[in-house]
Structure formats: structure tokens, C-alpha cells
Amino acid sequence: MSFPRQLRGESDFDQLPDDVPVCANIADIEEKRGFSSYYVFVIEVKTKGGGRYMIFRRYSQFYNLHTKLEENYGPENKNSRFTCTLPVLPGKVYVGAKKEIAESRIPALNMYMKKLLSLPAWVLLDEDVRLFFYQSDFDSQQVPQGLRRLRPRTRRVKSISPQEPGFDRLAAARAEALFDFTGSNKLELSFKKGDLIYLLSRVNKDWFEGTVRDATGIFPCAFVAIIKDLPQEDDPINWLRCYYHEENASTIRDISVEEDLSSTPLFNDLMELIRREFGRDDIALNYHDAEGDLIRLLSDEDVVLMVMQGRSWPFEKHIFPWKLHVTQEDDYSVYNPAGFAVSTQTTTGP
């Protein structure tokens, strides 16, 4: 293994223990009150062995971890060969409402954790990294609230009940509630800690559909412990095709999305997804209309028009019929048909 290498090799990954975190995403922010109020990031962590759990971290804990990593592994450390290029942590903010500051940090912190957990294996095994992503007793005692950022945008609910004839309770997939959960609308299932919930389907990787006490709805996976899992189904992943246009070239990137091909995203959700995937904020989203002109998306209404148009066109299996064209926010030359023709003399990227 070559230690200065930036990205870890597959063989290095295979040798990592199963409890090493390999993926982390912010599910929500929550206000905590001590001598003053502050916000914590509710983070779902997934391990190499397939485990998942919730941790609660303040921005200051991100900052302290990053400071230690820079001291130990940053390029400025001339006394060690264990160095690498660390991801960029969003800086401190001293002015503004605490909630808005925490909300604005979510995309950048998600990108930070994604890049951090892609570093060489010896970084993942670092004691400070392990402790940051470890579920402490404090974490396990917390009761997460809504996990709104994991909530699916598609909400198809079945009308099935264990009371129906032929429903086999012993053979049915089921889970035990770890916490109380109060649904935020009529499509979400409310339950109490200790309830036995019968599982009906997996909406996406973060939400189940289930039934308890004759009520049916969807709920977050993190609130339950699986007793008997649902049978394995075909991979629900679909792909959103994006064309990323720069001055003289463009690349194609397919982004995995756990949503039905018929779903219509909200404009802000779409912007957040693309900013996170491309790692930059100064972008604009566009689509081609029926005449081939590039149209900029500015609102939910624009997204609806794009999706409606895409449904009338032929499309490939597991790929959304509508396509996104990603451009620089201040680049208006792409709306000139002649200028756009030049920019599409491209090479295809990953």
C-alpha cells in the first residue's frame, strides 16, 4: 500500500473492519438548549458491515476534528509521510441566525464527510475520526425528531392491513419501534416505542411503509429495529442524466436517485442535489425545450414544465426522461443557440 496515495484502493477497503464508517449524511438539524441555544446536526452513519445509526454533532466538533487532521495529515506536516489532501471544511460564521447558519452548512458538511470517508484507509482508522463517527452513549439516548431531510418526495401508500384474511403474522416482515414517532401528515405512520410494526414495502433506503393498530403509512428506518426484513427486491436506483457545460467542453454525469421515474422534484431539492454532486454553488439548471433551446429553471413551475415535456419523449430504463443541463450561474452565452452549439463540442466524462 502506497501511503501518499490520495484515494484508497479496493484491496485496502476490503481489509477495513466492518464497524468503520463509509457513508454519513445529515438527516436534520435540532435545537438544543443549555446556557444558550445551539443547533446540532443529526447524522445517519453507515458502516462497511451494513450497520447504520444516528449521531448528533455540533459544528465545533467538525472544526476540532478538521484541526487535528490538518495537524497530523495535512500537506504542511513535513515530518510525516502520512499526508494527504484533506477536504475543505466550511468556515466559521459569526453573524446571522443560528438556525439559518446551520441549514446553510448542510450541503457543504455532507460533501466534507463524503470526501473524508473516501480518503486512504489509515485516515479512516485514525482515532479522532473513529471517535467522531462513533455512536456514544449520549447519541444512543437521543430521540431524533423528524429526520426531514431523509423524507422521500414520493409517498405511495398501500391499503393493506394485518386484519385482512390470509395475512400471516409469523411470516410477515416486521420491526420494533425504538422511539416514538409522530407523523407530520396523514401519509406518515405514528407509533410508540416498543410497537410491533408490520413492514409492507421499502419506499427508499431511508423510509419504510408499514402498518400498526390498523393504521398504514410511511416512517423512517432509523426509528425501528428490524425483526424480519422484507425480501430483497430489484435495485430501486434510477439515474438522472446531467450535462455539465464549461467554456469549451462539457461532460456527462449520471446521478443515482432513489425516486420513481414519474416523480416531480421541487426546484430547491433539485438545486441542492446538483450543488452537492458537483461540489459548487455558482451553477444554474437548464433543460432543452421542444425547439432545442436551452431554458433556465427558476421555480417549481419551471420544473413541472420540464417533467411534463420529458414524459412525451422516449426514455431508457432506469433513466429519467428529462435531462438537466448544468451551466455557470453567470454564463448567459449558452442561451445563444450558436454559442451553445460550440460548447457542445464535448468529451464525455464519468
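Select Val203 to begin. Val203 lies in strand β5, residues 196–204. At 18% relative accessibility, this residue counts as buried. Buried means under 20% relative accessible area, exposed means over 50%, and partly exposed covers what lies in between, with a 1.4 Å probe and protein chains only. Strands here are DSSP runs of E with at least two residues, helices are runs of H or I with at least four, and both are numbered from the N terminus.

Before moving on, note that this is a predicted model: local features need pLDDT of at least 70, side-chain atom pairs count only at pLDDT 80 or more, and totals for chains, interfaces and linings use all residues. Residues are numbered from 1 along each chain as its sequence is written, and side-chain values use heavy atoms, with hydrogens and water left out.

**From Val203 to the ring cluster**

Now add Phe219 to the selection. Its C-alpha atom is 9.2 Å from that of Val203, and the two residues are 16 apart along the chain. Which cluster does Phe219 belong to? Ring pairs link Phe219 with Phe179, Phe181, Phe191, Trp207, Phe208 and Phe223. Rings of Phe, Tyr and Trp (its six-membered ring) pair if their centres lie within 6.5 Å; planes under 30 degrees apart count as stacked, over 60 as edge-to-face and the rest as tilted.

**More rings**

The structure holds 15 aromatic pairs. Select Tyr332 and Tyr335 for one of them: the ring centres are 6.2 Å apart and the planes stand at 45°, so the pair is tilted. Tyr332 is exposed, with a relative accessible area of 55%. Tyr335 is partly exposed, at 25%.

Next, show Lys92 and Tyr63. The charged end of Lys92 sits over the ring of Tyr63, 4.2 Å from the ring centre. Then show Arg253 and Phe278. Here the charged end of Arg253 sits over the ring of Phe278, 4.3 Å from the centre. A charge sits over a ring if NZ of Lys or CZ of Arg is within 6 Å of the ring centre and within 35 degrees of the ring normal.

**Helices α2 and α3**

Colour residues 59–73, helix α2, and residues 98–116, helix α3. How do they pack? The angle is about 35°, and the axes are 13 Å apart. Axes are lines fitted to C-alpha atoms, for helices over the stretch in contact, and angles run from 0 to 180 degrees between N-to-C directions. The crossing of α2 and α3 is left-handed. A crossing is left-handed if the near helix is turned anticlockwise from the far one by less than a right angle, and right-handed if clockwise.

Show the side chains. From α2 come Tyr59, Phe62, Leu65, His66 and Leu69. They meet Arg105, Leu109, Tyr112, Met113 and Leu116 in α3. By class, this contact has eight nonpolar, one polar and one charged residues. Ala, Val, Leu, Ile, Met, Phe, Trp, Tyr, Cys and Pro count as nonpolar; Asp, Glu, Lys and Arg count as charged; the others, Gly among them, count as polar.

Stay on α2 and pick Tyr73. Tyr73 counts as buried, at 12% relative accessibility. Leaving aside neighbours within four places in sequence, Tyr73 is in contact (heavy atoms within 4.5 Å) with Phe82, Thr83, Cys84, Trp122 and Asp126. The C-alpha atoms of Tyr73 and Cys84 are separated by 6.0 Å, with their positions 11 residues apart along the chain.

**Helices α3 and α7**

Keep α3 and add helix α7, residues 267–278. These two pack at about 35°, with axes 9 Å apart. Their crossing is right-handed. Pro107, Asn110, Met111 and Lys114 in α3 meet Glu272, Arg276 and Glu277 in α7. The contact has two nonpolar, one polar and four charged residues.

**Two loops**

Select Asp289, in the loop between β11 (283–288) and β12 (294–296). Is Asp289 buried or exposed? At 15% relative accessibility, Asp289 counts as buried. Not counting residues up to four places away in sequence, Asp289 touches Ile295, Gln309 and Trp313.

Finish at Pro231, in the loop between β8 (224–228) and β9 (238–245). Pro231 counts as exposed, at 62% relative accessibility. Its C-alpha atom is 8.2 Å from that of Ala173, 58 residues away along the chain.

**Zoom out**

The protein has nine helices and 13 strands. Of its 350 residues, 43% count as buried.
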